[in-house]
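Here are some exercises to work through with the model open beside you. Try each task before you read its solution.

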Amino acid sequence: MKTDLTDTTASKINKALVLGRRAIGTPAVGMVLTLVIVTDEENAYDALKAASDAAHEHPSRTLVVIKRVSRSPRDRTRSRLDAEVRLGADAGTGETIVLRLYGDVVDHAQSVVLPLLLPDAPVVVWWPVNAPLDPAKDPLGALAQRRVTDTYACEEPIRELAARSDAYAPGDTDLSWTRITPWRSMLAAALDQVDCEVQSVEVEGEEFNPSCELLAMWLADRLAVPVKRTVSNGPGLTAVRMDTDCGPVVLDRADGSLANLSIQGQPARAVALKRRETAELIAEELRRLDPDDTYASALRYGVDRLNESAKGDRVGEGDALAVAAPVGTVAKASAKDAAQEKTPVRKAAAK
C-alpha cells in the first residue's frame with residue numbers, strides 16, 4: 001500500500017501510517033528500530049533497496065530524507081514537505097516513509113524526523129553519500145545511537161579517514177570498516193593456528209580504497225609491528241602477508257570472491273571471502289547498537305601516523321604508499337595472544 005502526501009506535515013504522515021496499518025489489517029507495530037537514511041535523489045533508490053533487504057533481518061521503520069535543491073531564490077523561500085508512505089508489500093517487513101524537503105525546511109530536517117521516530121526504539125542514521133564531517137554534531141546524527149557513514153563514497157577517502165578520526169564519537173562507524181570484518185576474522189583465525197610472533201605485515205589492495213588503510217591501521221594498532229601498504233589493481237583488498245618467526249602467513253584474494261590461505265608447514269586451503277553487497281553491510285551494522293571500540297582504536301591510530309612513519313617512502317608500482325608503525329616498535333606479545341585478545345568478530349546486539 002502506498003500513499004502520496006503533497007505539502008504535508010509530520011502529523012498528517014503519522015495519521016496516514018495509522019490508517020494504512022488498519023487498511024492492511026496490521027494495526028500493531030512490530031519494528032525494532034528506526035533507520036534514517038539521509039541522501040540525495042540520485043542515490044535514494046539504491047539506498048532504499050539495501051535498507052529494504054536488510055529489513056528482512058531487522059524489521060524497522062525506514063525514513064528516507066531527501067533534501068531537494070531549490071533552483072531559484074524564490075523557490076528557496078517556499079518551504080514544502082512531500083511524503084510517500086509505504087506499507088505492506090510496498091515496504092517489505094517494515095514501514096517506509098520517503099520525505100522530500102524543499103526550501104527552508106531543508107535546514108530543519110530534524111524537526112520533521114523527530115515526530116516520526118518509533119517510541120522507545122533505537123535510532124540509526126545512515127549517510128550513503130555526502131556525510132557530515134562530524135556526524136555526532138549533525139542535527140539528525142544527534143538523534144541516533146548509531147551513525148553510519150561510508151568513506152568509500154567520498155572524493156578523497158584517505159583524507160576523510162583523518163577527519164573521521166578527529167571527529168569520532170562513540171556510536172560512529174563506517175561501511176569501509178564493515179567491509180573488512182571477514183578479513184579480520186580470517187586473519188585472527190589464521191594466527192590462532194600458529195604459535196609464532198608476527199614481525200611485519202603487508203596489506204595489498206586497490207588505490208583510494210579506505211578499507212585497505214583501515215585494515216592496515218587495525219593490524220598496526222593490534223600487533224604493534226611495521227605495516228606496509230601496497231597498491232594492486234583490485235578488486236578491493238587483494239592480499240595480506242604476515243611475516244612471522246615461523247614463516248609467512250598469506251591470505252590472497254585475487255578475484256574478489258575466493259581467497260587462498262597459506263600457512264608455513266600447512267597445506268594451502270581455499271576460503272570463501274566474497275565482496276559483500278551494501279544490504280549485507282547495513283544488516284551487520286544493525287546487529288550491534290553499542291559503540292565499536294575496535295573501530296575507534298584503529299581509526300585513532302591514524303592515517304597521518306602511518307604516513308609519518310613511512311617518511312615519504314614509496315613502494316610498489318605508481319603511487320603505492322608505504323606505511324609503517326613507529327620505528328623501533330616490537331611485538332611484545334605473541335601473534336596468537338594478540339589475535340585472541342583483540343578478536344575482530346562482532347557480536348549481535350540484543351534487540
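**Exercise 1. Find the buried residues of helix 9 and say what they tell you about its surroundings.**

Step 1. Ala-279, Leu-281, Ile-282, Ala-283, Glu-284, Glu-285 and Leu-286 are the buried residues of helix 9. Buried means under 20% relative accessible area, exposed over 50%, and partly exposed in between, with a 1.4 Å probe and protein chains only. Helices (H or I, at least four residues) and strands (E, at least two) are DSSP runs, numbered from the N terminus.

Step 2. Helix 9 spans residues 278-286, and seven of its nine residues are buried, so the rest of the structure largely encloses it.

Step 3. A word on the source: this is a predicted model, in which local features need pLDDT of at least 70 and side-chain atom pairs count only at pLDDT 80 or more, while totals for chains, interfaces and linings use all residues. Residues are numbered from 1 along each chain as its sequence is written, and side-chain values use heavy atoms, with hydrogens and water left out.

Step 4. For the wider setting, 52% of the protein's 351 residues count as buried, and its secondary structure comes to twelve helices and 14 strands.

**Exercise 2. Work out the strand order of the open sheet of eight strands, then look at the pairing around strand 4.**

Step 1. The order is 1-4-5-3-2-6-7-8, with mixed pairing. Two strands pair if DSSP finds at least two bridges between them.

Step 2. Strand 1 (2-5) and strand 8 (172-174) stand at the edges with a single partner strand each, so one side of each lacks a neighbour in the sheet.

Step 3. On average, neighbouring strands of this sheet are turned by 15° against each other, direction ignored. Axes are lines fitted to C-alpha atoms, for helices over the stretch in contact, and angles run from 0 to 180 degrees between N-to-C directions.

Step 4. Strand 1 and strand 4 run antiparallel and are joined by four bridges; here Thr-3 stands opposite Val-85.

Step 5. Strand 4 (residues 80-86) also pairs with strand 5 (residues 95-102), antiparallel over seven bridges. Arg-86 faces Thr-96 of strand 5, and Arg-80 stands opposite Tyr-102.

Step 6. Five of the seven residues of strand 4 are buried, which leaves the strand mostly covered. Helix 1 (residues 10-24) lies across strand 1, strand 3 (60-67), strand 4 and strand 5, at about 15° to strand 4.

**Exercise 3. Describe how helix 7 packs with helix 8.**

Step 1. Start with geometry: helix 7 (residues 181-192) and helix 8 (residues 210-223) pack at about 35°, with their axes 11 Å apart.

Step 2. Next, list the contact residues, where contact means heavy atoms within 4.5 Å. Helix 7 brings Trp-183, Arg-184 and Leu-187, and helix 8 brings Leu-215, Trp-218 and Leu-219.

Step 3. Sorted by type, the contact has five nonpolar residues, no polar ones and one charged. Ala, Val, Leu, Ile, Met, Phe, Trp, Tyr, Cys and Pro count as nonpolar, Asp, Glu, Lys and Arg as charged, and the others, Gly among them, as polar.

**Exercise 4. Is Ser-165 buried or exposed?**

Step 1. Locate Ser-165 in helix 5 (residues 157-167).

Step 2. With a relative accessible area of 17%, Ser-165 is buried.

Step 3. Leaving aside residues up to four places away in sequence, Ser-165 touches Leu-299 and Arg-300.
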